[in-house]
Each structure stands twice: as structure tokens, then as C-alpha cells.
Amino acid sequence: MAQISADEIRSRVEADWNRIVDVLNRKIALASVSAKGITGEHMKRSAEFVAEQMREVGVDAKVVQSANPDGTPGAWEVIGSRVVDPDAPTVLLYAHHDVQPVPDPAAWDTDPFVGTEVDGRLYGRGSADDGGGIAIHSGALKALGDDLKVNVKIFIEGEEEMGSPSFIPFIEAHRDEFASDVIIVADSGNWSADIPSLTTSLRGNTCVDVTVRALKHPVHSGQYGGPILDSNTLAAMLIASLYDDNGDLAVPGIAAEEPIGGLQRDLDEATVREDAGIVDSYTLAGSGSLASRLWTKPSLTVIGFDAHPVDGSFNVIAPETRFRLSLRTAPNQRPEQAQDALAKFLENNPPFGAQVEVTRLENGMGWAMDPNAVATRDALEAMEEAFGVAPINKGEGGSIPFIPELQRLFPSAQVLVTGPEDPKANAHSPNESISLSGLKNNVVTEALLLAKLGA
Ligand SMILES: [Zn+2]
């Protein structure tokens with residue numbers, strides 16, 4: 001049977017458009033801030049609303065409460081399925097129904113919990129992250145209707161913005177209900193409202209605490225200063241030794257990768273400088289494309305440093321300094337391997353033979369998509385047909401911890417990371433918004449992708 005055409009899908013999405021925007025507006029009004037209590041009634045109401053919307057588009061959806069690893073009650077989750085043919089491929093659709101808090105409503109130009117349309121964008125907390133993901137799944141399933149040729153499972157999570165504490169036990173308890181061939185995670189975004197993207201990779205993360213010690217006790221800087229360097233200076237020397245002259249990290253055993261699937265377009269330096277607020281005189285560190293430096297090469301940050309405060313300081317040589325290093329790791333490197341390489345380098349290169357002690361902290365795995373998988377190619381084709389322009393792959397420098405976890409729990413599934421955001425979305429910030437034309441194209445994309453996966 002012929003696959004449903006892109007034009008047919010688009011006209012169905014147009015006909016359904018008011019409903020899709022209405023779902024998003026009602027979702028925003030529910031103010032499902034998980035930081036106000038994952039187990040709260042407001043979160044249960046939000047989950048029930050989402051389950052109702054999913055039933056409306058043919059998914060047998062229900063609300064269940066997860067349990068935290070310590071056994072206490074967890075988040076209100078929405079799960080369900082629509083089975084069309086036991087022999088057809090199965091696709092798991094993921095989004096989350098909780099939203100970020102609004103610490104300062106006065107920082108918004110509109111009421112954060114009233115969806116408000118301004119110049120083609122819908123403003124409101126959760127309009128993009130991740131109400132947009134829910135709207136995409138709802139619109140795509142509605143557009144396909146009885147033309148759906150894949151089995152669909154859904155998982156709409158209720159605690160993503162809180163770091164998903166019960167995610168692993170929940171998935172493990174519902175493994176059969178989530179087992180699938182393709183997992184579409186609609187919680188990321190596009191290059192711009194007009195240019196679609198798959199998110200190709202996420203960096204991993206590891207941390208170590210380091211203590212540098214040269215003295216058994218503090219001594220006077222006038223009496224002993226000279227041959228004895230203070231521990232802050234020794235710590236600074238140790239940190240500086242991790243870099244080469246270009247500002248690239250130069251620790252043997254810490255991997256660097258190039259953008260997954262190849263670099264299609266580099267990031268614009270002026271935009272990055274503007275967005276990050278970089279002072280004019282600063283030249284960017286590292287070598288290679290800016291995209292590789294931000295997405296797939298390792299980066300190290302001193303995120304904590306114990307030293308005497310400037311106010312009240314006096315003439316003493318500090319005996320001991322402690323600092324915390326956060327290392328973002330290349331997508332495919334095991335973070336414990338990078339951590340090990342970092343720890344060994346620090347321990348083996350003590351400035352002037354100072355004592356260096358390294359405490360190894362937690363690790364989080366990165367993730368890389370398979371650029372050659374059929375599902376990946378189907379997704380890229382669907383994007384081009386829906387948006388009318390070629391997609392541009394993009395990586396993420398940060399982590400979305402549940403994605404590598406999903407991949408670990410379902411190693412044979414193809415994970416596709418899509419989503420409603422674009423660089424103007426301000427997810428997690430005041431004036432969050434979603435591009436309505438981008439949302440419409442995202443809905444058409446996902447419907448086309450599901451059609452292709454079923455062909
Ligand atoms: Zn999100």
C-alpha cells in the first residue's frame with residue numbers, strides 16, 4: 001500500500017491545528033512545576049491531562065506513579081500504547097510533562113502560565129520544554145489516524161526537570177512496556193525555527209576533587225616565602241599543566257571526537273560570543289571547529305576552589321588547597337576512563353613534588369546517535385520534506401542524562417533526539433516560547449517519520 005503523502009499529512013495537520021495549539025495552551029495553564037513537589041496534586045492533574053490527550057489520538061494511555069530508588073512515591077508518569085500489528089516495528093515516543101519553575105514572574109513580558117501568541121511565537125512556561133514535545137506527538141498521531149503502520153508506545157515523564165530520580169527503576173519495572181525498535185525523544189530542538197535538526201550527540205560528564213599540599217601547617221609568607229610556594233599557586237600550576245599552548249586539553253587518554261555524522265555547518269563565533277557574553281579582548285581557546293570544541297571535544301572546568309577569601313586575608317603561605325574539576329567528555333568515551341586518565345595525570349605531575357590527592361566522583365555517560373541507521377536517514381528525509389530545507393545536524397555540549405540511560409537499557413533501539421526548541425526558545429529562562437511555524441513543521445516531520453518507519 002502506498003505511503004501517505006507529505007501533502008496529505010500537511011493538510012491533516014492544518015485541519016487539526018487549532019486543537020494542537022489548544023492542547024499546548026491548556027498544558028501551559030496547568031503550571032506543572034515539578035520543583036514544587038514531584039508527587040503533588042498539580043503534577044497528577046498534569047499527567048491526567050496528558051493521558052486524556054493521548055487517549056484522544058488513539059493511545060491507550062494511563063497515569064501511574066513511579067517509585068524512587070529508596071521506595072518512596074515518585075513522579076506521576078504517563079504510559080500507554082497503540083498496537084496496530086504485532087509484526088510491525090514499535091516506536092516509543094518520549095516527552096516530559098513537568099516544567100521548570102518561574103522564580104520571578106516579573107522578569108516575563110507575559111503571564112508565564114497563560115499561553116500568549118506574539119509575532120508567530122507562543123509564550124509560556126513549558127510552551128517549548130516540553131509541552132512542545134507533547135504537542136508534536138499528539139499532532140503526529142492525530143494526523144496519521146488509521147494510517148498509522150507502526151506500534152506506538154508512549155512515556156511522558158513527570159520529573160525530567162528534577163533530574164529524573166526514579167527514571168531507572170521505573171523503566172526497569174516497565175521494561176516490556178517500553179521495549180521498542182526506535183525511540184523518539186522530542187525534548188531537544190532545531191538549528192532554527194526554519195532549519196530542522198537531529199541532535200547527534202551529548203557529552204558525558206565526570207568530576208574529581210583534588211587536594212594539593214606542600215606544608216603540614218601554615219607558615220609566615222615573609223619568613224618562608226621564596227622556596228615554598230603556597231598551595232593555591234601549586235594548584236594553579238597543576239591546573240595549567242592540563243592544557244597545551246592552544247588551550248586544548250592535553251591529558252593522554254582523554255578522548256576528543258569530531259562532530260558525529262560530520263560537521264555540516266560550524267557555529268558562528270560572533271553569535272556564540274554574544275550569547276555567552278565574552279569580553280571583546282578574549283580569544284577563544286582550543287583548535288578545530290567551534291562546533292567540535294563545544295560538542296565533541298572534552299572540556300574541563302574548575303567548578304569549586306577553596307581558598308582564603310580576599311577580605312581578611314593575611315601574610316600566610318596556604319598549606320593545602322582543594323578544588324573540584326568537572327570534565328565534559330567526548331560522546332563515545334566511557335567517563336570513568338576519562339576520569340582515570342585525568343586522575344593519573346594529576347597524581348603523576350605534582351608541581352615541585354607537592355602531595356596531590358584525587359577523589360573520584362560521579363560519572364555520567366555521553367551519547368552519540370548512529371548516523372547510518374535506517375531510522376536516522378528516515379528522520380533526516382522526513383525533516384527535509386516537512387521543512388523544505390536540508391536539516392543541519394547539531395550536537396549538545398551538555399548532557400541529557402536519561403538519553404544514555406535509555407540507550408543503555410535498550411541497546412538495540414535507535415534513539416532519535418528531536419524537539420520543539422530553537423535558539424530563541426529560552427527554555428529554563430524567562431519568556432520561554434515556541435515558534436508556531438516550527439511546531440507545525442515538527443508535527444508534519446514526526447508524522448512523516450512514523451509513516452516511513454512503518455513502510
Ligand atoms: Zn526538557
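A: A salt bridge is a side-chain nitrogen of Lys or Arg within 4 Å of a carboxyl oxygen of Asp or Glu. The model here is predicted.

Q: Which side chain does Arg213 meet in a salt bridge?

A: Side chains of opposite charge can pair when their charged atoms come close. Here Arg213 meets Glu357, at 3.3 Å from N to O. Arg213 lies in strand S9 and Glu357 in strand S14, so the pair ties together parts 144 residues apart in sequence. Glu357 is partly exposed, at 44% relative accessibility.

Q: Which residues are joined into one network by salt bridges that share partners?

A: Asp209, Asp306, Arg322 and Arg324. Within this network, Asp209 and Arg322 meet at 3.9 Å, N to O. Asp209 sits in strand S9 and Arg322 in strand S13, 113 residues apart. Asp209 is buried at 9% relative accessible area. Arg322 is partly exposed at 41%.

Q: How many salt bridges are there by this rule?

A: The count is 21. One of them joins Asp422 and Arg121, at 3.1 Å. These two lie 301 residues apart in sequence. Are they buried or exposed? Both are buried.

Q: Which residues coordinate the zinc ion?

A: His96, Asp129 and Asp187, at 1.9 to 2.8 Å. Asp187 appears twice among the donors. Their spacing along the chain is H-x32-D-x57-D. Asp129 is buried at 4% relative accessibility, and Asp187 is buried at 8%.

Q: Why is the arrangement around the zinc ion irregular?

A: Ideal angles at a metal are 109.5 degrees for four tetrahedral donors. Tetrahedral needs all angles between 85 and 135 degrees. Here the 4 donor atoms subtend 51 to 150°, so the arrangement is irregular.

Definitions and conventions. Residues are numbered from 1 along each chain as its sequence is written. This is a predicted model: local features need pLDDT of at least 70, side-chain atom pairs count only at pLDDT 80 or more; totals for chains, interfaces and linings use all residues. Side-chain values use heavy atoms; hydrogens and water are left out. Donors are N, O and S atoms within 2.8 Å of the metal (3.2 Å for Na, K and Ca); water is not among the atoms, so sites may look incomplete. Four donors count as tetrahedral if all angles lie between 85 and 135 degrees; four count as square planar and six as octahedral if opposite donors are over 155 degrees apart and all others between 65 and 115; anything else is irregular. Buried means under 20% relative accessible area, exposed over 50%, partly exposed in between (1.4 Å probe, protein chains only). Helices (H or I, at least four residues) and strands (E, at least two) are DSSP runs, numbered from the N terminus.
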